[in-house]
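I opened a fresh page today to note what I looked up in this protein. I went one topic at a time, and I kept my entries short.

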Amino acid sequence: MRKEMIMGAATDAAVDVFADIGTVPVCKACGSERVVKDAWACWNPKFGLWELETVFDHEHCHRCEGETTFVWQRIEATPRRRIRELNDRMRTMGQGVGSVVVTAGVTAHGPDFLRHVVEAVERFDGFDDDNDPWGEHDFGSVEVEGRKVLWKIDYYTPELTTGSENPANEGETHRVLTIMLASEY
């Protein structure tokens, strides 16, 4: 049991709302940071915003699309390292919050070519200072059946309306992996 501040008053709470600084809640099943808890919020007319009133026990994972249990993990990674980890996870395992876009030029070469391209993008590990100066693993070039293919990862808000302000935060970022022929760039 720990003390919790709710609307300025200390109360006993079995809910682990405030964890150690530098930790984040993740889904016990899949490791996603896209997790939520049920809560009540009250409108504060003086400040014109919603204030958290009570947090409940129910925990939900957006990636698993169901109930979960939180595990608190320390995030030691620098933002750039965290971005690289999330980019690699999406590109190599298809995991994470994101979409894959394949251009008409790639699909025009048929399903076998597309399968070979996707496999080559997943296996790509030729990152160096020239093609990855920021160390984020967000761009690469592969050759498939004699054709140069480029891939890149861009970061957007979950609504896909603007660029993400924090690509290191999986909950605030929808990644878009675009695969294209070099001639389409």
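**Elements.** I took helices (H or I, at least four residues) and strands (E, at least two) as DSSP runs, numbered from the N terminus. From the N terminus on, I read the order of elements as β-β-β-β-β-β-β-α-β-α-α-β-β-β. That comes to three helices and 11 strands.

**Ground rules.** I noted that this is a predicted model, where local features need pLDDT of at least 70, side-chain atom pairs count only at pLDDT 80 or more, and totals for chains, interfaces and linings use all residues. Residues are numbered from 1 along each chain as its sequence is written, and side-chain values use heavy atoms, with hydrogens and water left out.

**Burial.** I call a residue buried under 20% relative accessible area, exposed over 50%, and partly exposed in between (1.4 Å probe, protein chains only). Of the 185 residues of the protein, 34% count as buried.

**The antiparallel sheet.** I reminded myself that strands of a sheet pair through backbone hydrogen bonds, either parallel or antiparallel. For pairing, DSSP has to find at least two bridges between two strands. I found an open sheet of three strands, in the order S4-S5-S6, with antiparallel pairing. Why is one side of S4 and of S6 left without a neighbour in the sheet? S4 and strand S6 (66-67) stand at the edges and have a single partner strand each, so one side of each stays free of a neighbour in the sheet. Nine bridges hold S4 and S5 in their antiparallel pairing. I picked out one bridge partner to look at: Ala39 is matched with Val55 in S5.

**The mixed sheet.** Next I followed an open sheet of four strands, ordered S8-S11-S10-S9, with mixed pairing. Its edge strands are strand S8 (98-102) and strand S9 (139-144), and each pairs on one side only. From one strand to the next, the twist averages 20° (axes are lines fitted to C-alpha atoms, for helices over the stretch in contact, and angles run from 0 to 180 degrees between N-to-C directions). S8 and strand S11 (residues 174-181) run parallel and are joined by five bridges. Opposite Ser99 I found Val176 in S11.

**Cysteines.** I recalled that a disulfide is a covalent bond between the sulfur atoms of two cysteines. The cut-off I used is a pair of cysteine sulfur atoms within 2.5 Å. How many disulfides does this rule give? The count is zero. Cys27 is in no disulfide, and the nearest cysteine sulfur, that of Cys64, is 3.8 Å away. For Cys64, the closest cysteine sulfur is in Cys30, and 3.5 Å is too far for a bond. I also checked their surroundings: Cys27 is buried at 2% relative accessibility, whereas Cys64 is partly exposed at 37%.

**Salt bridges.** I counted a salt bridge when a side-chain nitrogen of Lys or Arg is within 4 Å of a carboxyl oxygen of Asp or Glu. The structure holds 11 of them, and I looked up a few.

- Arg81 and Glu85 meet through their side chains at 3.3 Å, N to O. They are four residues apart in helix H1 (residues 79-93), so about one helical turn separates them. Arg81 is partly exposed at 40%, and Glu85 is partly exposed at 33%.
- Glu170 and Arg89 form a salt bridge at 2.5 Å, N to O. Glu170 lies in the loop between strand S10 (147-156) and S11, and Arg89 is in helix H1, so this pair ties together parts that are 81 residues apart in sequence. Are these two buried or exposed? Glu170 is buried at 2%, and Arg89 is buried at 15%.
- Asp154 and Lys152 also meet at 2.5 Å, N to O. Asp154 is partly exposed at 23%, and Lys152 is partly exposed at 24%.

I then noted a network of salt bridges that links Glu33, Arg81, Arg82 and Glu85.

**A nonpolar patch.** My last entry is about the surface. Patches are made of residues with over 30% relative accessible area and no salt bridge; like charges are joined within 9 Å, and nonpolar side chains (Val, Leu, Ile, Met, Phe, Trp, Tyr) within 5 Å. Accessible areas come from the Shrake-Rupley method with a 1.4 Å probe, and for residues only the protein chains shown count as cover. Which residues form the nonpolar patch on the surface? They are Trp43, Phe47, Leu49 and Trp50, with about 500 Å² of accessible area together. I placed Phe47 in the loop between strand S4 (35-44) and strand S5 (49-61). Phe47 counts as exposed, at 55% relative accessibility.
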